[in-house]
Amino acid sequence: MKFTIQRDQLMDSVQDVMKAISSRTTIPILTGMKVEATEYGVKLTGSDSDVSIESFIPKEEDGIVYVENIRPGSIVLQAKYFPDIVRKLPQQTVELEVDDHLNVSIRSGSAEFHLNGQDAEEYPQLPQLKTEQSFEVPIDLLKDLIRQTVFAVSTSETRPILTGVNMMVENEDLYFVATDSHRLASRKIPMQDQIQNMSFQNVVIPGKSLTELNKILDDSQETIEISVTENQILFRTQHLYFLSRLLDGNYPETSRLIPDQSKTIMQIDTKELLQSIDRASLLAKENRNSVVKLTTKSDNHIEISSNSPEVGKVVEEVTSESLEGEELKISFSAKYMMDALKVIDTEKVNIQFTGAMRPFLIRPIDNDQILQLILPVRTY
């Protein structure tokens, strides 16, 4: 095998597939990266058997040549060393050559590296998903779906199903929902005709997989194809193939958690509230969740405060756009509240409370697609 390739293109692909390679895998060859050259270009593959990523560098695209002098073949390279070598090569082009004894030469300018490769025949075949269950969404919309939900997955393995994001289809809408049982983040997008024949109603994608996918995808208007089978999900763009296993088990029925009535409703500037809670949490670092208290006052004023007996206290008044309903004193985790407000991209939010000990809802004004729910904290 032999080819000459543009270093920047190679580096981008190497960094993408590295996200699937783990040094802790039980299958030794999976600590390596598979490199495959064909007449069409070069394909890199990484996998830890939970997530598999393939990145393709075309021989030529839009009149720009990325790979030349190709002699087809394949090899598995040591992922521990290969990325660093590529990153530090002196020239813009890299020549990679493999001899009959799996010895790999990497040349660039006056630098030459020799690595021992492994036989690519021993690398497990990635399942090629053949499924009718496919639909497409714009990449930037998928990135929003992930960003606005994945932060709320559980980090504890006691209930593994909660470490994932629930993707479900309901009445022509596609939902992403995540909860760690103290908070919930939900985002839906209307899909109209795209998902009419979907037999999957409900799958749970590991939060870690979505976080990595989000890092790899560039913001673009292009679409990404999503395919679902019984235990795997595939995200595919023109040059990327991202396969993840799905989590086993049933996701809890989250719609029950959402209160259908509210006793106190507040409209407030998103950024102002976020910054005020951020300041209040400065003195509440002692307890893990930084508990902050919100108290409604007269004339649309609310008070944000925090008190740590051994540190001190902070009090700040914020004016809301409107405030209706019963008076309220409620305490909550500053971190959860800040996480929720950060992913809402509108200037104003609507917060609906149903009492001091009931979950409350945060929604952007005039947008029912995003919903954040937070459980209050008992402070007495």
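Analyst: A residue is called buried when its relative accessible area is under 20%, exposed when it is over 50%, and partly exposed in between; the values discussed here come from a predicted model.

User: Why is E212 called partly exposed?

Analyst: E212 has a relative accessibility of 22%, and since buried requires a value under 20% and exposed a value over 50%, E212 falls in the class between the two and therefore counts as partly exposed.

User: What makes K215 fall in the class it does?

Analyst: The relative accessible area of K215 is 53%, and the cut-off for exposed is over 50%, so K215 is placed among the exposed residues.

User: How do you know that E212 and K215 form a salt bridge?

Analyst: The criterion is a side-chain nitrogen of Lys or Arg within 4 Å of a carboxyl oxygen of Asp or Glu, and the N to O separation for E212 and K215 is 3.7 Å, so the pair qualifies. Both residues belong to helix α4 (residues 207-216), where they are three residues apart, about one turn of the helix. Elsewhere, salt bridges with shared partners join R71, E95, E97, R107 and E112 into one network.

User: What makes K188 and D173 a salt bridge, and which parts of the chain does the pair tie together?

Analyst: The closest N and O atoms of K188 and D173 are 3.8 Å apart, and the limit is 4 Å, so the contact is accepted as a salt bridge. K188 lies in strand β15 (residues 183-190) and D173 in strand β14 (residues 173-179), which means that the pair ties together parts 15 residues apart in sequence. As for the surroundings, K188 and D173 are both buried.

User: Why is the contact of R183 with D339 called a salt bridge, and how far apart are its closest N and O atoms?

Analyst: With R183 and D339 the closest N and O atoms are 2.8 Å apart, and the requirement is a distance within 4 Å, so this pair too is counted. R183 is in strand β15 and D339 in helix α6 (residues 334-342), so placed that the pair links distant parts of the chain, 156 residues apart. R183 and D339 are both buried. In the whole structure, the search finds 21 salt bridges.

User: Why is N250 called exposed, and where does it lie?

Analyst: N250 has 73% relative accessibility, and the class begins over 50%, so N250 counts as exposed. N250 sits in the loop between β19 (240-245) and β20 (264-269). Its C-alpha is 9.5 Å from that of N166, a residue 84 residues away in sequence.

User: Why is I304 called buried, and which residues is it in contact with?

Analyst: The relative accessibility of I304 is 0%, and the limit for buried is under 20%, so I304 counts as buried. I304 is found in strand β22 (residues 301-308), and, with neighbours within four places in sequence left aside, its contacts include L273, I277, A280, V292, L294, V315 and V318. With V315, which is eleven residues away in sequence, the C-alpha to C-alpha distance is 5.9 Å.

User: How do you know that the buried residues of helix α3 line one face?

Analyst: The buried residues of helix α3 (residues 139-147) are I139, L142, K143, L145 and I146. Seen down the axis of α3, these residues fall within an arc of 160°, so they line one face of the helix. They pack against β12 (134-138), β14, β15, α4, β17 (223-228) and β18 (232-236).

User: What makes β18 and β19 count as paired strands?

Analyst: Pairing requires at least two bridges, and β18 and β19 have five, in the antiparallel sense, so the criterion is met. The two strands form a hairpin with three residues between them, and R236 stands opposite Y241 in β19. Strand β4 (residues 51-58) likewise pairs with β19 in the antiparallel sense over five bridges, with I53 opposite F242. Of the six residues of β19, five are buried.

User: Why are β16 and β24 called edge strands?

Analyst: The open sheet of nine strands has the order β16-β13-β14-β15-β28-β27-β26-β20-β24, with antiparallel pairing. β16 (202-206) and β24 (322-325) each pair on one side only, and they are the edge strands. From one strand to the next, the twist averages 20°.

Note on methods
Residues numbered from 1 in each chain as written. Predicted model: local features only at pLDDT ≥ 70, side-chain atom pairs only at ≥ 80, totals over all residues. Heavy atoms only, no water. Helix = DSSP H or I, 4+ residues; strand = E, 2+ residues; numbered from the N terminus. Buried < 20%, exposed > 50% of the residue type's maximum accessible area, 1.4 Å probe, protein only. Axes fitted to C-alpha atoms, helices over the stretch in contact; angles between N-to-C directions. Arc of directions from axis to C-beta. Contact = heavy atoms within 4.5 Å.
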